[in-house]
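Visitor: I would like a close look at a single part of this model. Pick one sheet, walk through its pairing and packing, and then place it against its surroundings.

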Amino acid sequence: ARTIQTSFLPDDLPQQPGWEVAAYYRAARQVGGDFYDFFQVDEHRWAVVVADVADKGVPAALFMVLSRTLLRAVGLNRHSPLETLRRVNQLLLHDSRSDLFVTVWYGLWDARTGTVQYCSAGHNPPLLVHADGSAELLSARGLALGVLSDIVLNEAEVTLEPGDLLLAYTDGVTDALRADKTEFGVIGLQSTVTSLRKGSAHDIVQGTVHALDRFVEGAPQFDDMTFVVLKRLPAERGARRHPPSPA
């Protein structure tokens, strides 16, 4: 079951000039309810998904597969995060007879302009860290999918400038506990990612995992952990990695 579930995660991450992308997933049990996804919706835009089913184990894993399938099927035919999540919500309520639900952060990333159009269905707000070290949470109002038929969602847009990075995550990251019941928290995540911001997307992922493991000091993991990093390279680095074609 674990092998089948992990096979649903993307084999290859987007490779776009001037950008780096990395992702991480670790289930609390053999199978879990977290997932992330990337899929191309047109020539220049990619859907970026981070989601968390409100359960653990096999029931969550099955609902995760259903949710992922619907998000892909609907997202490929709609160019608005809000419209996509509304339609997926309708389909989940129609197809599922369980009491499970899923929180979703869904973004449409344009690699040419750096804009990310996004919508949140009750999910943790992603962290946007700027090149200068300042940071903000990309909050957007919305209810989890699979709860009510008439949900209110808000769509927003942000532009990542050179050197900026976006980290979208599930609550297993910020809710990570050590033995004394202290949480890693949003503050812990923000300080960690800010200190790592000049590294590659891969280094940011690995550094964050290391900080989490060091923080919990061997305490058992009680929730799935998933996060993705989308980093726009500084202008000079992007130019070196992707030189212009000769005339």
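Guide: What follows takes one sheet strand by strand, then looks outward from it.

First, the ground rules. Residues are numbered from 1 along each chain as its sequence is written, and side-chain values use heavy atoms, with hydrogens and water left out. This is a predicted model, so local features need pLDDT of at least 70 and side-chain atom pairs count only at pLDDT 80 or more, while totals for chains, interfaces and linings use all residues.

Now the sheet. Its 5 strands run in the order β1-β10-β9-β6-β7. The sheet is open, and the pairing is antiparallel. Strands here are DSSP runs of E, at least two residues long, numbered from the N terminus. Two strands count as paired if DSSP finds at least two bridges between them. Strands of a sheet pair through backbone hydrogen bonds, either parallel or antiparallel. β1 and β7 are the edges, and each pairs on one side only. Neighbouring strands are turned by 15° against each other on average, direction ignored. For such angles, axes are lines fitted to C-alpha atoms, and the range is 0 to 180 degrees between N-to-C directions.

Start at the β1 edge. β1 covers residues 19–26, and β10 covers residues 225–232. 8 bridges hold β1 and β10 together in the antiparallel sense. One contact in that register sets W19 against its bridge partner R232 in β10.

Move one step on. β9 and β10 are joined by 5 bridges and run antiparallel. Here L165 stands opposite K231 of β10.

Next comes β6, residues 127–129, which pairs antiparallel with β9, residues 165–169, over 3 bridges. L127 has L167 of β9 as its bridge partner.

Return to β10 and look at burial. Buried means under 20% relative accessible area, exposed over 50%, and partly exposed in between (1.4 Å probe, protein chains only). By that cut-off, 8 of the 8 residues of β10 are buried. In a regular strand the side chains alternate between the two faces of the sheet. Both faces of β10 are covered. One side carries M225, F227, V229 and K231, and the other carries T226, V228, L230 and R232.

F227 deserves a closer look. Its relative accessible area is 1%, so F227 is buried. Across the strand boundary, Y24 of β1 is buried too, at 16%. Aromatic pairing is scored on rings of Phe, Tyr and Trp (its six-membered ring): centres must lie within 6.5 Å, and planes under 30 degrees apart count as stacked, over 60 as edge-to-face and the rest as tilted. The count by this rule is 6 aromatic pairs. In one of them, the ring centres of Y24 and F227 are 5.6 Å apart and the planes stand at 35°, so the pair is tilted. Y24 sits in β1 and F227 in β10, so the pair ties together parts that are 203 residues apart in sequence.

A second pair joins Y36 and F38: centres 6.3 Å apart, planes at 70°, so edge-to-face. Y36 is buried at 8% relative accessibility. F38 is buried at 4%.

One loop residue also belongs in this picture. P126 lies in the loop between β5 (115–121) and β6. P126 is buried, with a relative accessible area of 0%. P126 and F227 are 101 residues apart in sequence, yet 9.4 Å apart in space, C-alpha to C-alpha.

For a reference point, turn to β3, residues 45–53. 9 of its 9 residues are buried. Both faces are covered: R45, A47, V49, A51 and V53 on one side, W46, V48, V50 and D52 on the other. β2, residues 34–40, pairs with β3 in the antiparallel sense over 7 bridges. β2 and β3 form a hairpin with 4 residues between them. D34 stands opposite D52 of β3. β3 also joins β4, residues 102–110, through 9 bridges, again antiparallel. R45 has D110 of β4 as its bridge partner.

Last, the loop after β7. L148 is found in the loop between β7 (135–137) and β8 (155–159). L148 is partly exposed, with a relative accessible area of 46%.
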